[in-house]
Each structure stands twice: as C-alpha cells, then as structure tokens.
Amino acid sequence: VAGGGAAPGHGRLVADERVTYFGTSPGHLLASRKAGLHPGAAHDLSRLVTIGSTGSPLPADLFEWVRTEVGEHVAVSSISGGTDVVTAFAGGTAGVPVIAGELTTRYLGVDLHSWSPRREPLVGDVGEMVITTPMPSMPVGFWNDDDGSRYRAAYFDHHWADGGVAPVSDVAGRPAPNVWRHGDWVTLTERGSLIIHGRSDATLNRHGIRMGSADIYEVVEAVDAVTEAFVLGIDGPDGAYWMPLFVTLAEGHQLDDALVDTIRSAIRTKLSPRHVPDDVIAAPGIPHTRTGKKLEVPVTAIMAGHSDVSLDPRSIDNPDLIDWYAELGRAHQW
C-alpha cells in the first residue's frame, strides 16, 4: 500500500497487477502513514477489495488511515494466526461489518474461547486465548523432540491441564490436558469479534498490575519520531522488576530528553502512570521472527540472565541484535 507519489512502491504494484487482496503488517501501514503517503490518490486501487494485516494487533487508527488514504471501498482484515498451525484463528470475512481495532470473527473450524485463570469462559473481559477442539491444521509434534516434551510445553503445559483450579462451574475442576493455549490475551466481544492485547507469556506485571505490551506499542509507535517500540518486563533479584522500553527512531531524530518526555507523557495520558517504563532506550533494532513477530519472550529471558534460552539464529531477522540486548541485561544495575 505504500508508495505514493512518483516513486515506485507497493501502491503501484497493487495497481499494475490488479491486486484484489493485499497482505501486509501493522508496521508497514504505520510507516506508510508516517511517511505521509496517499496511495489511494496516487494510484488506481479500485480493484483492491481487502487489506489483510497480521504479525501483531492492528491499532484502530490504522483502520481509519486505510479508509481515508487507500479507499472507503477497501475492507481491513486484521488477522490472528500462526506459522505453527499454517492457518488463521480469526480475522475479517465478507458480510460482517468491520470495527476498527477488532478482528471481525472467529474462523470456521476454530473452537476459540477466552478463559479466566479459574477456567471461566469470558465475554467482554480479557482472558487467555484457548482452542478447545482440534483444528483441521495443527502441528502434532516437533522435530528432534522424541518424547514430545517440548511440544507439550509449548501449547499444553498450563495450569488447567490437571484440573488444578478452584471450581466455579461443573468443568472448572476437571483436567483439560488437550486444550491449546496460544499465548495471547484476548477479549471476545458480545458481537463475536475479538480484540488481541498482546502475548500473555510476555505479560508485563508491574506492581501487581498486569499489562499487555500491544497497548503500549499502539501509543508509542504513534509518536512520529518512533519507528518501532519494544517493551519488556524483567524480573531481578529480591523481587526487583525492570521495565525498559526500547525504541528505534526515524531518520533525523535522536532520543533526547524532550522526546523521552513526549513518550512518557503519551503513555501516562493514554494508558496510565503504571504503564510508564522505567527507562526509555534507543536501540539499534528490534529482533523479530522471520514472520515479523517481536521476540519478547526469549529476549526477556536473555536479559534476565537465563542460560537455557533456546533460540535458533536462523529464525531471527537480525541475529546480531541478540548480543546487544544480552550485554545490556548483563550491565543493568539492580
């Protein structure tokens, strides 16, 4: 969708190839907006029907940007899925209205629910995303995992597996060993749509308040000088907790006191004082998987000094960044 004006880009590609469905990411759409692009005005996008976005939750304001700058005729399909399942759990679909900031519906064959820690099914409140019935496309094991222990630990090793939760219903105390926990915080709305709040296995737990990283990213990445944000919650000795916010900056900007104040003020105003990070740090880059997902969980463990982190450099877009974060973790004074 980027590529307004005379310069070639995705807008021209979509127009020239008569693309009807274009897949992209929140980062790409955000960069297009910050660059001041107007792809709908610069190119003939009349054949484009849908823009699909995945990799991370798509903020509501980017839905509006697509409507304004790409075209009101283009539907936005924010999608949640996984490379591991080779499919999607939820997203947009024809005939169902699109609500900015939400995934329109659960897809066919996906028995997706939101569970509380006590295994209560939730509607309208944040819970863990779980899949309670096998889907047509799901992994049945990992390579080099003969006893299946890594596979079980990745998806099925949760506190509901043995039924060890306080009963609040007929099913709460029963073992649920075959329920897939995907690792996302999700809200199911009364309309049947979904709001993804970020990774539950990378939850920020500061002063007893649980926070989703996606909420912070939405605020920080809306700052013009910031190209991308990366927030971690790192446990230290004797109950210490460090919540640094890493940012990469647009060309021509530097992380001075004024920009730090702008970032902190935006978080405090739009979220809460509890969401304000301990430190704001300029980073040389943000590590992602090859499919564009931020590596919050392993980098948190690495910065906490864990030596047993399994991370294949071939799965990372820029493996050299890991050493930078590891060194910063070692240098941190608790």
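Which residues do ring pairs link into a cluster? I found Phe-142, Tyr-151, Tyr-155, Phe-156 and Trp-180. Rings of Phe, Tyr and Trp (its six-membered ring) pair if their centres lie within 6.5 Å; planes under 30 degrees apart count as stacked, over 60 as edge-to-face and the rest as tilted.

I note that this is a predicted model, where local features need pLDDT of at least 70 and side-chain atom pairs pLDDT 80 or more, while totals for chains, interfaces and linings use all residues. Residues are numbered from 1 along each chain as its sequence is written, and side-chain values use heavy atoms, without hydrogens and water.

I then looked up helix H9 (residues 320-331); helices (H or I, at least four residues) and strands (E, at least two) are DSSP runs, numbered from the N terminus. Its buried residues (under 20% relative accessible area, 1.4 Å probe, protein chains only; exposed is over 50%, partly exposed in between) are Leu-321, Ile-322, Tyr-325, Ala-326 and Gly-329. They cover an arc of only 140° around the axis (taken from the directions from the helix axis to the C-beta atoms), which puts them on the same side of H9. Exposed Asp-320, Asp-323 and Arg-330 sit on the face turned away from that side.

I counted 14 aromatic pairs. Phe-230 and Tyr-325 have ring centres 5.7 Å apart and planes at 80°, so the pair is edge-to-face. Phe-230 is in strand E13 and Tyr-325 in helix H9, so this pair ties together parts 95 residues apart in sequence. Phe-246 and Tyr-325 also form an edge-to-face pair, 5.0 Å centre to centre with 80° between the planes.

Note on methods
Expected span 1.5 Å × (residues − 1).
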